Amino acid sequence: MDIDLFKEDLSSINENLCPCINSLYFFYVKQYFENVALKINVKVGGRNTVLFDAVQGRIPLVTDRPTIIFGADVTHPQPGEDSSPSIAAVVASMDWPEVTKYRGIVSAQAHREEIIQDLYKSFQDAQRGLVHGGMIRELLIAFRRSTGHKPHRIIFYRDGVSEGQFNQVLLHEMTAIRQACASLEEGYMPRVTFVVVQKRHHTRFFAADHNRRDLTDRSGNILPGTVVDTQICHPTEFDFYLNSHAGIQGTSRPTHYHVLYDENGFSANALQVLTNNLCYTYARCTRSVSIVPPAYYAHLAAFRDRYYIEGESSDGGSTRGTSERSLEVQALPVIKDNVKDVMFYC
């Protein structure tokens, strides 16, 4: 083969490919910078998206009265890691009626403990008497300072709870919410809706006819916003499946929402629409996400805080037994108030 002819063919291929490569490179670099800009904006206190219905005051049971939306999650260490604590995170909306900015608080607790221990706590002080504290109380106070209103309604999205723990988690955490509210003002009892968010299940949905464009998206998955609340749901309790995101690859996994307690009187349609609409306000992307953002943010905050103690907990040279170390709960670094005010975990 003539080497000169080979070089000419190679140069012509490079000339034809360069425009395509350049355009792809520009597209991905531009997309990368856009994603970084979204994160930077919320880390400095900005807002990326707002629901039009929220601005117009047209979200039922949210915009008519001051409403705070909580998200809570507990992350556990990897299997075999007996010395690391479980980390609980709670976030709460601070900008009613827009409900897009969330303040986050984290706390370490006993290894593999699923119930959040620091939602409310109190202790007796020799000088001050009974001192109240806890994550819920702190977030309620922050909401009052931010909006000028005390919440009339509480919507609590709790992630990471299995069905076998429903009663235990509801009893303990609802009691903590009530105690936190009562510690702020005598007789203060805002109405609470407690919703468990479950992503780890084996339920999948498929369109009845894959050839119909109005039933599937580009990846062949069911359309975002699809809700299933009959036939396969609990016969007597309030639960539903929501596929709020557009699948990119593979089969979309819907999220299961189970309402354990509802004093606000949400209809099935009202809670489903609210949850689906909130999925479009996630700060780190311009698409809808698969789980409701407050629960997503709590998950991110808990994982972020694990990185803060990762170096200290991984002392491989220590010879102390794991049974002794598991009894200790390692304290987390204290987060400054000006950092709590912004979404530092995004």
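Residues 313-326 are the part to treat with care in this predicted model: pLDDT stays under 50 throughout that stretch. Even so, the model gives residues 313-326 eleven contacts beyond four places in sequence. For the chain as a whole, the mean pLDDT comes out at 88, with 88% of residues at 70 or more.

Now for the sheet. Eight strands line up as S3-S2-S1-S6-S7-S10-S9-S8, making an open sheet with mixed pairing. Its edges are strand S3 (102-109) and strand S8 (226-228), each of which pairs on one side only. Going from strand to neighbouring strand, the average turn is 20°, with direction ignored.

Within this sheet, strand S1 (residues 67-75) runs parallel to its partner, strand S6 (residues 153-159), and the two are joined over six bridges. One place to find this pairing in the structure is threonine 67, whose bridge partner in S6 is arginine 153.

Two helices pack on the sheet. Helix H3 touches S1, strand S2 (86-93), S3 and S6, and its direction makes about 165° with that of S3. Helix H4 also packs there, touching S6, strand S7 (191-198) and strand S10 (255-262). The direction of H4 makes about 145° with that of S7. Strand S6 thus turns up in both lists, touched by H3 and by H4.

H3 and H4 also meet each other. The axes of H3 (residues 135-147) and H4 (residues 166-184) come within 8 Å, crossing at roughly 50°, which makes H3 oblique to H4. The crossing is right-handed. On the H3 side, the contact is made by Ile136, Arg137, Leu140 and Ile141; H4 contributes Ile177, Ala180, Cys181, Ser183 and Leu184. Sorted by type, the residues of this contact come to seven nonpolar, one polar and one charged. The charged one is Arg137 of H3 and the polar one is Ser183 of H4.

Finally, there is a hairpin, built from S4 and S5 with three residues between them. Strand S4 (residues 121-125) and strand S5 (residues 129-133) pair in the antiparallel sense, over five bridges. Glutamine 124 is a handy marker for this pairing, as leucine 130 of S5 stands opposite.

Definitions and conventions
Residues numbered from 1 in each chain as written. Predicted model: local features only at pLDDT ≥ 70, side-chain atom pairs only at ≥ 80, totals over all residues. Heavy atoms only, no water. pLDDT = per-residue confidence, 0-100. Contact = heavy atoms within 4.5 Å. Axes fitted to C-alpha atoms, helices over the stretch in contact; angles between N-to-C directions. Helix = DSSP H or I, 4+ residues; strand = E, 2+ residues; numbered from the N terminus. Parallel < 35°, antiparallel > 145°, perpendicular 65-115°, else oblique. Left-handed = near helix turned anticlockwise from the far one by under 90°. Pairing = 2+ DSSP bridges.
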